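Dear colleague,

Please find below the structure that I am handing over to you. My findings follow it, and I would be grateful if you would read them with the structure open.

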Amino acid sequence: VPYYHSSSSSSSNKDGCLPMKRRPKAIAMFCTGGIRCEKSTSYALTHEMFPADVPVYHLDGGILAYLDQVPASESKWKGECFVFDQRVSLTHGLQPSEKYNSCHACRR
């Protein structure tokens with residue numbers, strides 16, 4: 001069974017995904033709050049997007065809890081986290097981005 005990773009490539013062959021070059025040892029998935037990870041893992045397993053016997057890890061509470069609880073000096077996260085509200089993106093400690101912003105009227 002081939003396994004897949006997400007891609008927008010025209011050469012994709014399963015639900016818009018490309019075959020993986022090697023079998024993963026583990027899968028790490030995260031979402032902003034955590035619940036979509038559970039749903040997306042279930043979807044991926046149901047559609048055989050990765051092997052059922054490979055462990056899947058989720059961040060408890062999602063990436064926002066991680067950014068809130070783990071100090072930047074101890075974190076594996078690099079960059080900022082896009083969020084779907086007026087804050088646009090967040091850094092450690094859930095501080096709004098000083099780098100990115102968006103017009104509230106046109107969202108650009």
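Two helices and six strands make up the secondary structure of the chain in this predicted model. Their order along the sequence is β-β-β-α-β-α-β-β.

As to the chain overall, it has 108 residues, of which 29% count as buried. About 7800 Å² of the chain is exposed, and 52% of this area is supplied by carbon and sulfur atoms. When contacts between residues at least 6 apart in sequence are considered, 40% of them join residues at least 24 apart.

I then turned to helix α2, which spans residues 62–69. Its buried residues are G62, I63, A65, Y66 and L67. These buried residues of α2 pack against two strands, β5 (81–82) and β6 (89–90).

One further residue of this helix deserves a separate note. D68 also lies in helix α2. Its relative accessibility is 45%, and D68 therefore counts as partly exposed, since that class lies between the limits of 20% for buried and 50% for exposed. With neighbours within four places in sequence left aside, D68 is in contact with G93 and L94. The C-alpha atoms of D68 and Q95 are 8.8 Å apart in space, while the two residues are 27 apart in sequence.

In viewing the model, you may wish to begin with α2 and the strands against which its buried residues pack, β5 and β6, and then to proceed to D68 and its contacts with G93 and L94.

With kind regards

Terms used. Residues numbered from 1 in each chain as written. Predicted model: local features only at pLDDT ≥ 70, side-chain atom pairs only at ≥ 80, totals over all residues. Heavy atoms only, no water. Helix = DSSP H or I, 4+ residues; strand = E, 2+ residues; numbered from the N terminus. Buried < 20%, exposed > 50% of the residue type's maximum accessible area, 1.4 Å probe, protein only. Contact = heavy atoms within 4.5 Å. Areas by Shrake-Rupley, 256 points an atom, 1.4 Å probe, with all protein chains shown as cover.
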